[in-house]
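Let's take a walk through this structure together, one chain at a time. Keep the view open beside you and turn it as you read.

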Amino acid sequence: MAVDALASAPGSRRVWITPGRRMWIVSVVLALICCVWVYPLVWMFSASLKSNGEIFGNTGLIPAQPSFDNYVRAWNEAHISDYFFNTLFVTVGSVVIVTIASAMMGYVLGRRRFPGRAIIFGLLVFTLFVPQGYTIIPVFELLSMLGLSQSLWGLVLATSGGSFVIFVLLFAGYFSQMPNELEEAAKMDGVGFVRTFIFVMLPLSRPIIVTVVVMQTLYAWNDFLLPLVVTLANPAIRTLSVGVYAFRGENFVDWGGMTAASTITILPIVILFLLLQRYFIDGLAGAVKG
Amino acid sequence: MPGVSLKNVKKRYGTTEVIRGVDIDIEPGEFCVFVGPSGCGKSTLLRMIAGLEEISDGEISIDDQRVNEIDPSRRGVAMVFQTYALYPHMTVEQNMGFGLRMNGVPRAEVAARVATAAKILQIEELVSRKPRQLSGGQRQRVAIGRAIVRNPQVFLFDEPLSNLDAELRVATRVEIAKLHRELAGATMVYVTHDQVEAMTLADKIVVLRAGRVEQVGAPMDLYQSPANTFVAGFIGSPKMNFLELAPASEGQHALKDGTTITLAGAGGEPSTLGIRADQLRRVAPDAADIVGEVSVVERLGDSEFAYVRTRWGQEVIARFEGGANIAAGEPIGLALSGRTHFFDRDGKAITGLSLAGSNQ
């Protein structure tokens, strides 16, 4: 009776999609999309626990006799352990270089007016449009000239170039929004240019630093083409992504080993994201806003 | 020996001259306020003293030493910014001691100086907080504290109260006045567009307009004998009333509606009469110099301001004691009395003229 009264009250209508139901519908749709998205990863993990025979036996996602043989084989025989540490070295090295260099460059570009600034900005933005494939040969040439074409240091250096420009622009945008008074206050305090950057500006750009660290980590960890080219002549310095590719033999593909290696490869990234996702999202939001 | 001295100081941005030859002498220990409408160059002038803006021409000296080419931190000045400019990631303590620490002052001495400044400003319990955990007034104190720890000869304040709400502004104004007394010997240069701040704080006011000094003097000197119509209109609240005068017969001048007034003395040909709201007296309309109708009344409790529309359409403000109960729409007669000011055609004050009496 009360419901009838409500329904017939002027201006009110019987609404089927209440906010609660709407949330249910949205959740179900998102869950379905999520399943499609996650399936390859689940399949990969499942296959990594199966023997090569079972993978092609099409026995469903749950392995009949799960074993870690693939992992042991990949880690020891296929040198995935070496590749893992190579990748770690390249990632950490390039993150350190990129964060320091892009912050410094972004600071100068974002806060100083000097002749040629617009040209430098223009050139930087232009390089964003050049596909990686075109730069690989000159980059390799450069490394050869520096005598670094067959060393991990060379790979670190080359990997640092990947998204450098985007990070510089992120920092420049952020620093240019900072109030002038902060620098002026430091100047009145007798603090010089470099120390103002290190002690005042850099700590304030933490959201951007986190974003850059995470994005460069993802890029360096997952990059394939550049390490493939640089490590062609020296398999000992392969990174994980290249190492996984090496499971494709001439006549035989070791799917079990490959999926195990792939799982090892993506695990650190997934863990990193779970730990840093809040900062990462904050940083991106901050970058867009500021 | 002036604390701060500016000699023919100029500032150009390209071809635009924003400071056009300014001469000011500020005595040691003096509280000097630069006041003027926005865009008059008062902040630029302060930033030139601070060393944040280059000096295009002229000379600035502090404590008898030319500082034109000296680095801001070596001029013996400290600045308090309008936006406070506290370092957001540092605690109050770190904010105040940052400059000292960066310049190699021993840790113990930094701590001692910060503690002293915190005590003066009564922010001792806030020293471990970050700026975002402070209210506007507290941030302002920290910004002042950062200036105090540097032990400067000259404090520079750039509109320090304009980001505070009205109530806090009055309270902080009083605090700054106390601080000046407490830090005896410290010269303070203070920029504001608010003439009330200028009147209440200053030992010496410098009124600026369009990059030029209009008048320099003690607050009451400017109030009682403004050098021109600009200063007369800018200093004092409400604004001084300006009435146009035309020469009538010998020794007499006429207001716009033909009412004549008689002037005594000599000194020039007045074209404007200035009179403050509190010098207008209410009289019967037939004995009045100005007859009009009250259009708005502002009641402030202790006083009432009546906006009187004259016969020639000008609004004149008159002050009455609280409780006078002037009503809007009421016809009213006002007599000129007390101190009047006369200005010539160029707006310059004419001294030596006064009101001899008035008649219809």
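In this predicted model, 32% of the 290 residues of chain A count as buried. What kinds of secondary structure does chain A have? Colour the chain by secondary structure and you will find 15 helices and zero strands. Now look at the outline of chain A: its C-alpha trace spans about 75 × 70 × 35 Å along the principal axes. Its radius of gyration is 26 Å, whereas a compact globule of 290 residues would have one near 19 Å. Even so, many contacts in chain A link parts that lie well apart in the sequence: among contacts with a separation of 6 or more, 76% are between residues 24 or more positions apart.

Now turn to chain B. Here the secondary structure consists of eight helices and 22 strands. The C-alpha atoms of chain B fill a box of roughly 80 × 45 × 35 Å along the principal axes. Chain B has 360 residues, and buried ones make up 39% of them. If you again take contacts with a separation of 6 or more, residues 24 or more positions apart account for 65% of those in chain B.

Next, find the place where the two chains meet. How many residues of each chain are in contact with the other? On the chain B side there are 16, and they touch 14 residues of chain A. Two elements of chain B, strand S6 (77–80) and helix H2 (92–102), each supply at least two residues of the side that touches chain A. H2(B) gives the largest share, with three residues. As for chemical character, this side of chain B has 11 nonpolar residues, five polar ones and no charged ones.

Finally, let's look inside. The largest nonpolar core has 135 residues. Which residues have the most contacts inside this core? They are A:Phe171, B:Val33, B:Ile49, B:Leu156 and B:Val189, so you can pick out names from both chains in that list. Helix H9 of chain A, residues 164–176, supplies the largest share of this core, with nine residues. To see one spot in detail, centre your view on B:Ile49. Leaving aside neighbours within four places in sequence, B:Ile49 is in contact with B:Val4, B:Ile60, B:Val77, B:Leu156 and B:Val189. There is also a second, separate core of 11 residues, and its members include A:Ala78, A:Leu240, A:Ala260 and A:Ile264.

Methods
Residues are numbered from 1 along each chain as its sequence is written. Chains are lettered from A and ligands numbered from 1 in the order in which they are written. This is a predicted model: local features need pLDDT of at least 70, side-chain atom pairs count only at pLDDT 80 or more; totals for chains, interfaces and linings use all residues. Helices (H or I, at least four residues) and strands (E, at least two) are DSSP runs, numbered from the N terminus. A residue is buried if 20 or more other C-beta atoms lie within 10 Å of its own, exposed if 12 or fewer, and partly exposed in between; C-beta atoms are placed from the backbone. Two residues are in contact if their C-beta atoms, placed from the backbone, lie within 7 Å. Ala, Val, Leu, Ile, Met, Phe, Trp, Tyr, Cys and Pro count as nonpolar, Asp, Glu, Lys and Arg as charged, and the others, Gly among them, as polar. The radius of gyration is taken over C-alpha atoms; the globule rule is 2.2 Å times the number of residues to the power 0.38. A nonpolar core is a set of buried Ala, Val, Leu, Ile, Met, Phe, Trp, Tyr and Cys residues joined through C-beta atoms within 7 Å.
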